[in-house]
Structure formats: structure tokens, C-alpha cells
Amino acid sequence: MADWFQKISIKYRLMAAFTVLFILTTGLAAVVIYSTVRDSLEDNILLQLETSTEGIRDTVQVAARVSIRNRLRAIAEKNVEILQGFNEAVQTGEMSEVEARAEARRILLSQTIGETGYIYAMSGKGIVEMHPALGMEGRDLSEHWLGKVQTGQRQGYIEYEWANPGEREERPKALYMMYFEPWDWIVSVSSYRSEFPALVDINDFRSVVDSHIIGKSGYVFIVDAQGDMIIHPWLQGNVTNTKGAKGSNLFQSVLEQGDGQITYWWVDPGYMTPREKLMVFRSVPEMDWFVCSASYLDEVYSPLERLRNLLLLTGAVVVLIILPLGYYLGSDIARPLKALAGSMSQAERGDLSVRADVKCQGEVGELAMRFNQYMSQLEGFNNDLKAEIDERVKAEQQLKLFAMVFHNALEGISITDTNGNMVEVNPSFTSITGYTPEEVLGKNPRVLKSEHHDDDFYRDMWLNLQKEGRWHGEIWNRRKNGETYPEILSISSVRDEDGEICNYVAVFHDISDMKLKDKQLEHQAYHDALTGLPNRTLAQDRLSVAIAHAQREDFKVAVLFLDIDNFKKINDSMGHAVGDILIQQVGERLKNDFRDADTVARLGGDEFLIVVEHVEDEREVIELADRLMAVFAEPFVLVNEEVEVTPSIGVTLYPDDGEDADILIKNADMAMYQSKAKGKNVYFLFTQEMNDRISRRLKLESDMRQAIKDRQFTVYFQPKIHLKTGTVMGMEALVRWAKPDGTIVSPADFIPLAEETGLIVPLGEFVLETSCQAMQLLDGVGCSDITVSVNLSPLQFEQEDLVDTVIANLERNGLPSKKLELEITESTLMTDIETSVEKLNLLSARGISIAIDDFGTGHSSLYYIKNFPINVLKIDQSFVRDMTDDMSDAQIVETIVLMAHNLGVKVVAEGVETRAQLELLEAYGCEMVQGYYYSKPLPLEDVIVYLQSKMAICHEYVD
């Protein structure tokens, strides 16, 4: 297509271009005008519908409220007249006051307002004199807010929330009260909001709805939440299943959305075919009604038909005018261009003497003149270029030679700008320093600084470089791996054409090999370069010799494996150079504290090994360990700052803990890690039992990793029971591990290991996901009110994406946030107060409940606890277990319950196993309990059976 278009003459292309341009411009303007008018019409009808709907809704609400009030007032006045009649009968002696009150009570109680409304009476002091609900008569409501309002007001209309005895939730309600003074009765006629429609006289506002017309045939109607039509021009009865847009149930969609708008197809009386219609609807919540306004869209868009015809006619006229005009313009422009193109074609064939005819005016004439100037210059440039090509060939050959030398030189070469930032390095630079070009380009050469030279050294180097333009000498630098090395360095300045320095070129050669003598080579092979102490190879050799001596002379050899605690933090915070100084100082102290006959070696990093011969017994080993601990009693001075450093030490003894050097060092290393596990700054003596335990631990860790992959873990659930009602309020998710061979692994064994190895994170995610799936299943079996608590480990709580992970699990399983509760220990929260508050606020804002697990066992601050968004405190089972026998534990439990109530949070007691514990917790006011007294942790299928049995008992009790 493109090739075909290129073959067309330029005048026709210009004609086509002008035509297309004008058509597109006109078409775009037409589209914009049409769209703008259409949008304006849509906005206008939508605004009109919304205004009508909301105005009618407000009218209905006001009319309904007045109608309900008048209806209740009329009933109240009628009943007061009845009481007045009975009182007159008492006054005339026709009946006694007791008989009159009894008969009046019978008549008032026999009345119902709708299906659930009723009449009751209260004395002026707030005592219920008459009420249809059992247990309400004689009840003192003088301190209840409703009682205070009624005894204070005595007559008038009230809307409020109320729950009768036996009802768990309050419902919206309204009453009208009148005071009958002779008997001191406040007679109240009450009705629940669900009965309001029965109290409303629709004729109070029917005329307003029927008279409201939108456009030619739009109208307003009212339908209730059950789909029964309240007011409509022609529809009656239940319209829930009336088909609407795209075959859907139109009014069912309205009832489900409440407030909104919908477009649908509809056939009104008098029409044969369906027409598209727009409806806006708003809910009247207190009446469970919906006010709807509808209008046909073809009436709205009728002005667009005339506009479209006018735009089409305008477009046709524009095309007829533009075609001849475009042809004329194209021909006029193309003629001189064609002549100029012929000259260019001749020049293209190599004739640089060709010139264009400069007779044209305007841009084409200027183009021809420029062409002639260009050809003249081109002819001169062509001659100059031939001479320059020879010079460039020679220069390029020289540059290739220089580049080859730069990349293949054995010396390291770096080029810096005037600010000292590296702009280029050669491969030998990387080979010598270990830094790739990407790691150093743009950086200052001080990244290689070794700390072997003081500031004066570098100052003199820079001054000499500025004065002489070069510097040459020996210097120590540091490789990427931290190793220092000597080099011969030459730096030269490079100047530009103006004589200004533009770059510096540094050429260096690693002279480490030249520096090392034979003795130094041997020393380096068997000694640590940083401390000068024996390295691992020499230490193993000396230990082997010591073992041979011990075998011949029958004595023991002690091996002490030392690791500096938190050495990485010192390196990260103070720098590797300071870390090297600390290693040197530790090595110096160890060397000075032990005998020359003993071996003090550095194995690498922050690990040291001490070998002591001629040890008599274990007591002497302990003295050696104590002496080694004392080496670290005094602080180390690093960069004029005192730093406290502690060791972790593992100790083995030949021949008790091993018979060769490798085993003794390995077992000492193992004992050292036990020291780390004990809290650091201690020593630990190796035992075979420890070796077996560590082997079992490694095996358990390996099995657990495989178990997570194979999904061998199962989530059990333990119910949480409400003490007063006995109902199940929630469950705690607890993970269990059953191996394929049937072996059950105790959580006390694998949970701490998971925390230590970091496996608790994928394990915790599994528990959270499984718990959400369980809640989804519980919804399906009628247990939708059950909340599931999931424990968060410290490692999980530290994750930056914790909140997103939790919310994603809930959304993936279609669960509301209120169904999930997260349990977090005190110590986890107190690790980083500011971060903890931020995360808890994010979770709480999403509607997730927060519980403090094992409360009372941590080291929390009540000041911080009260500022956390906490919903539940869980009393640790260690207090509950002994509370019936130990007054201290009982007082702690009572104090926690009281404190929780004062803070406005719920309390759950864990580990309840006896009736005595249950009764004591109930006496203290504890809301919920959890423990074997009610149920042990159960798999999901057994939990469902348990919950259904509890539900059956509750239904039987209610019946």
C-alpha cells in the first residue's frame, strides 16, 4: 500500500492530503459537537431524575413520619379515653379501682400495633405497671435512659432502639405516650420500624407522586423491599420477577442495590415494541421502600436526529468544495518541485556542477537557491574530504592501537575527571581490585582506600599532582574483598587544547609478590594476615601434635572455640576498618593472656581457637574458660570510643570429646553455638548428649522443611466459649504436624525451631490461608458468626507486607475483616513500639480484631498497652492453671480482668480444665474461656460437628 501511494504524483497526493485534512477536521468538529450535545442531554435527564427521586423521597419520608406519629397518637388518645371511662366508673361506685385497673389492663394488653407493636404503661416514677412481655412488669426503668425520657416528658413522640427480654439485638422503634394523671400512668403506644408501613396512609402523598411527570412520558413510582408496588401509574402487586434490561430481573436489581441507576428496555401501555429507558432509584430505609424515577431515552435524544442530518449535509458540501481546490494547490506546488527534483537527480548521478534554475518565488525559489549553495559547498567539501580521509584512517589506526594497549595492559589503569570521579577503567583494574566497572565508574578512587596512610600522605600526593602534573610512588590500597595490598602508582594529568586539566590517568601495578620474601610467604601460608596469629591450617597441625603428645604422656588437651558476639553490627555501624582493629585487639589480648606454649589462632572472620596442653581435669578447663571470659571484661577502644564486646565460647577436651583435631574443633564449634543459643556472653562445655540433641534438631529442621513442601501440617481449632450463655464465640487456629509414618510431632518441639530458622513465616501463611478457607466453609454450614483467631509470630509481624498479606487472604476467600482475629504476644509488640502501633492501627482500621496472647508473661508497659488498638486480652494458662490453689495467681487473674474492663477490652482465659477454675473466672467477670473443660483442639470436620451440636442445644433451650 505504501509503495503504491509513493508512485502517485505529488499533486494528487497533495490534493488527497488537503481533502483528508479538511474532512478529518470537519468530522472531528462534528463528532465533538454531537458528543457534547449528547452528554449534555444525558447529564440533564440524569440530574432531572435524581432531583425528582430525591425530592419525592424527602416528601415521602416527611409524610410517612407524620402519618406514623398521628396514627400512634390517635391510638394513645383512644386508650386514655378508655382509662378515663374506667376512672369515672370508679368515681360513681360502679366498680372498685382494682377491678377498673384489671379490666383496663386486659383491654390495653389485648391490642396490637401491626404484628409486633403493643401498648404498655409506666408510673411517673419509672416503674413498669403494665407490659405484654413477661418479666417487664414491675421493672424499674427510672435509671434507664428511656425511663428518664418518659418520666421527664410524659407526653409526646419518641424514636429509639429497644430489645425486649429474650431478644439479643435492639431494633428501631417509635412510640407516642400520653399521661393519665388519676392513675399516674404514662400510656405508651409503640411499634417497631418493620411495622411502620402498616401505620402509613399512602393517600397522604399519592397525589404528589402521581402528579410528578418527567418529560413526555416519564413518571415516579414507589416499591417496597418485598417487591410489592406501593404507587405506580399502572403496575400492581409483587413485581420482583419483572424482566428488565438484558433479561435480568429489573426490580430485583433495584432492591439489591438500594441507591443507584439502571438502563433497561421496557414496553409501556400503548406501545408495541420495547424502548430504552433510564431509571434512578433511592431507598427510604425507615419504611423499606424505594422511590424510583424513569424516563425514555429516545425522548431525550430526539434533538440529536436533526443535528446529525445537519452535520452530514455540511460534510458533503465541504468535500465538493475541497476536491477542486486541493487539485489546484497541489499542481501549483508540485510544478517547481518537479524541476528541482530533476536537478537533484542529475547531482545524484555524480555531477556536482549541476545548478537549479532560480526563477521561482517564495519558498521554492529559496529552496533552489539553497540547493545551488549546497552544491557549491559540497563540491568544495568533496575535495577537502578526500584529503581528510587519509588522515582519519591513520588516526583511527592509532586509536585502535591505544585501545588495545589500554585493554591488554598488565597494569591497572583508571581515568578520572577533574573532580576525581572515575570515568573509565581497564580489565586489569578489575583483576587487581576486584571491582567491576559498574561498581566504580562515577565514584572517587577513595573506595580503594586502605587506612594504611594518614591524611597528610594523601594531601601531599594531591599537592604534588597539582604542582607537577604527576605523582609516582608506593601506596597501600584495599581490594573489594577487604584485603589490603601494596602497589606502585603513577598519576598523570591530561590537558586539553587550551592547556586546562581535563582528566587524570592513574597506572598502578600490584607489587604484593615483590614484597613477599620466602619467610613471609611461609608465614602467610600458616598465619592470619590481620592479627599475625596462626591460621586454621597451623592450628589444626598444632592440635594434632598436641594430641600425639597427650597420647604418649597421658594428659588431656583443651580446645576453646571463641566467637565475638554481634561482630557484624560493629562492622556495619563503624566500618570494616574498625572491625579489623577490633580483631587485632582481641588477638593481642588473647596472645598476652595465654602462655607461649598454648596456641592462640584466628580461624577467620571473628572466630578464634585456643589449644591448651597438659590439662589435668575438667575443673582446670572451667578455669581456662573463666580466664578467657575475663579477657573481655575491659572495653575495647575503637576510634576513641569505648566498645563493650562479649564472647561466646565452646569447649572440648581430648580424649573425652574427640580423638582427632577435626572432630575436636567441630564439637567445640557446636558447643559455641549452644552458647549463642543460651543468650551469648557464656561458655558451654561439649557433651555427647548435646551432639545427639543437635543432630536430632538438624534432622527435625530437615523434616520440617520437607513437611512444609508436602503440606503435612494440619490446622486444628479450639472453641472459645462465652461464660454466661455457653455459646461458641470464636475459635483459635492451632497448627499440628503428623508425619507420613503416623508420628505426631509436638508443637513445643517444632514451633521454637520454626521461629529460629525462619520457617515460621511460610508456616504462618499456611495457617492463615487454611483458617480463611475454614471460615468460608463454616459460613456454608450455618456458623457464620464464628470468629477465628490466628497467631502471628514475631517474624511474621516484622514483615513489611503483613497487612497486605492478611487482607489479600480475606478478599481471596470472600470474607469480611471482622471474622478474623490476630493474636500477638506482648514481647512482639514491645520490640518496636512505633512500628507496632502503626501496623496495629492499619489492621484495626480494616476491621480486624487484635488480641494480646499470653498476657501477663511479658514485660509490657500499661501506658503503651492502653494506646494500642487492642480488642481482647488472653490470660496466660500458667496463671489459670494454679489460680484455685495459689492466691497470687488468682489475684493476677482478677487484676487482669478488672484492668481489661477498665480499658474497654474483652478477656479470654486460656487453659481452663476444671469446674472450680470456671466458677472462679465467672466470679471475676471474665467473659470467655478456652480449654479442655469444654473442648480440646479439633480438626475442622470435628469442629463442625461440635458447633452443630452446640447450635442444636441452643435451639432446644429456646423452644
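In which helix do Arg-101 and Glu-97 both lie, and how many residues apart are they? In this predicted model, the two residues belong to helix α3, which spans residues 97–109, and their separation of 4 residues corresponds to about one turn of the helix. Arg-101 and Glu-97 are joined by a salt bridge in which the closest N and O atoms are 2.9 Å apart. Arg-101 counts as partly exposed because its relative accessibility is 25%, and Glu-97 is likewise assigned to the partly exposed class, with a relative accessible area of 37%.

The chain in which this pair is found contains 32 helices and 32 strands. Of its 959 residues, 42% are buried, and the surface that the chain exposes amounts to about 52,500 Å², of which carbon and sulfur atoms supply 52%. When contacts with a separation of 6 or more are considered, 57% of those in the chain are accounted for by residues 24 or more positions apart.

Salt bridges, of which the count comes to 29, also connect residues that are not held within one helix. The side chains of Lys-480 and Glu-439 meet in such a bridge, with an N to O distance of 2.6 Å. This pair links distant parts of the chain, since Lys-480 is placed in the loop between β14 (470–478) and β15 (484–495), whereas Glu-439 is part of helix α12 (residues 437–440), 41 residues apart from it. Both partners fall in the partly exposed class, Lys-480 with a relative accessible area of 46% and Glu-439 with one of 26%.

A further salt bridge is formed between Asp-580 and Arg-478, whose closest N and O atoms are 3.5 Å apart. Asp-580 lies in helix α18 and Arg-478 in strand β14, and the pair therefore ties together parts that are 102 residues apart in sequence. The partners are assigned to separate accessibility classes: Asp-580 counts as partly exposed at 22% relative accessibility, while Arg-478 is buried because its relative accessible area is 14%, a value under the 20% limit that defines a buried residue. Elsewhere, salt bridges that share partners join Glu-732, Glu-823, Lys-874 and Glu-910 into one network.

Helix α18, which covers residues 576–593, also holds Gly-587. The relative accessibility of Gly-587 is 2%, and this residue therefore counts as buried. When residues up to four places away in sequence are not counted, Gly-587 touches Leu-533 and Phe-608. Leu-530 is 57 residues away from Gly-587 in sequence, yet the C-alpha to C-alpha distance between Gly-587 and Leu-530 is 9.4 Å.

With regard to cysteines, the structure holds 0 disulfides. Two cysteine residues may be described by their accessibility: Cys-502 counts as partly exposed because its relative accessibility is 27%, whereas Cys-783, at 4% relative accessibility, counts as buried.

Note on methods
Residues numbered from 1 in each chain as written. Predicted model: local features only at pLDDT ≥ 70, side-chain atom pairs only at ≥ 80, totals over all residues. Heavy atoms only, no water. Buried < 20%, exposed > 50% of the residue type's maximum accessible area, 1.4 Å probe, protein only. Contact = heavy atoms within 4.5 Å. Areas by Shrake-Rupley, 256 points an atom, 1.4 Å probe, with all protein chains shown as cover. Salt bridge = Lys/Arg side-chain N within 4 Å of Asp/Glu carboxyl O. Disulfide = S-S within 2.5 Å.
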